[in-house]
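Got your viewer open? Here's a short tour, one selection at a time.

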Amino acid sequence: MIHAAWSLASLGTAWLLLAEAWGRIGGGVTEWAEGRRRSPLAAWGMGYLAGWSAAGAALLGLALTGLCTRGAIWGVLALLLAGSRPAWRRDLMTWGAAREACARMGRGLALVGLAALPGLYGLLVPEDEQDALIYHLGLPWQLLQSHRAVVSWVPAAFHLPLPLDLGFMVPLLLGEERLAKWLVWGAFWAGTAAWVGVRRPAGKGAWLGTVLLLATGQVLELMTRGKNDIAGVALCAGCA
């Protein structure tokens, strides 16, 4: 019990730091593209997805040039964060998004948390899904071992999710592959935050749709896998 509580606290803290970093990196991209600041909820949700994609694309560039080393990876991520406009703001994007979510969803937020509770166990155990281990985590692991891209051709269907997979280099560098699951879990909430923050549904619409999605067993299972399915769908939903 104590070990599970410690794992939950450490993984949750690591994810919060990454969620803030992704949000600040991507927030600068979306602000520059749109020429305006979104609400805190939409800014973090869109920023998380855009930041993860931008970081993965940068890591792909390192792999293609044969510079995929530990120092180069951390250096590029630090430059992306430092070069983003939101990086120099004092307020936390995650805290601002959480406050707006509470204001919009009200008591419904408790139902959202209750619906997500069954998936908590999957975030604490090591990855055991074959596709996730062989491809989604296996590819970034190979790039880290060889310090360069080891494939010369990738099917067109993989072009969109490839940067998301390469974002899993960060959990691998930290020696905690379970953190990849948390990134995917966070992508679901980021997509939801972008939808609620931009569309501004009234009344129960702000939480009812989320609860219905979480009630779908397949969605809840994919949220706790080191795969890019949920993140890819959330990215498309956020762009729409």
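Start on the surface: is Leu111 buried, partly exposed or exposed? Its relative accessible area is 40%, so Leu111 counts as partly exposed, because that class runs between 20% and 50%. Keep in mind that you're looking at a predicted model. Leu111 sits in helix α5 (residues 108–116). Now add Leu114 and Leu117 to the selection: together with Leu111 they make a nonpolar surface patch with about 290 Å² of accessible area.

Next, head inside. Select Trp22, Tyr48 and Trp52, the residues that touch the most other members of the largest nonpolar core, which has 60 residues. Colour helix α11 (residues 178–199) too, since its 12 residues are the largest share of this core. Then zoom in on Trp22: beyond its neighbours within four places in sequence, its contacts include Gly27, Tyr48, Trp52, Val170 and Leu183.

Now for the rings. There are 9 aromatic pairs to find. Try Trp15 and Trp44: with centres 6.5 Å apart and planes at 80 degrees, this pair is edge-to-face. Trp15 is in helix α1 (residues 2–34) and Trp44 in helix α2 (residues 40–64), 29 residues apart. Trp15 is buried at 10% relative accessibility, and Trp44 is buried at 7%.

Stay on Trp15 and pick Trp185, which is also buried. These two are edge-to-face as well, at 5.3 Å centre to centre and 70 degrees between the planes. Trp185 lies in helix α11 and Trp15 in helix α1, so the pair ties together parts 170 residues apart in sequence.

Last stop: show the one aromatic cluster that holds Trp15, Trp44 and Trp185, with Phe168, Trp182 and Phe188 among its other members.

How values were computed. Residues numbered from 1 in each chain as written. Predicted model: local features only at pLDDT ≥ 70, side-chain atom pairs only at ≥ 80, totals over all residues. Heavy atoms only, no water. Core = buried A, V, L, I, M, F, W, Y, C linked by side-chain atoms within 4.5 Å. Buried < 20%, exposed > 50% of the residue type's maximum accessible area, 1.4 Å probe, protein only. Helix = DSSP H or I, 4+ residues; strand = E, 2+ residues; numbered from the N terminus. Contact = heavy atoms within 4.5 Å. Patch = residues over 30% accessible without salt bridge, like charges linked within 9 Å, V, L, I, M, F, W, Y side chains within 5 Å. Areas by Shrake-Rupley, 256 points an atom, 1.4 Å probe, with all protein chains shown as cover. Salt bridge = Lys/Arg side-chain N within 4 Å of Asp/Glu carboxyl O. Phe/Tyr/Trp six-rings, centres within 6.5 Å; stacked < 30°, edge-to-face > 60°.
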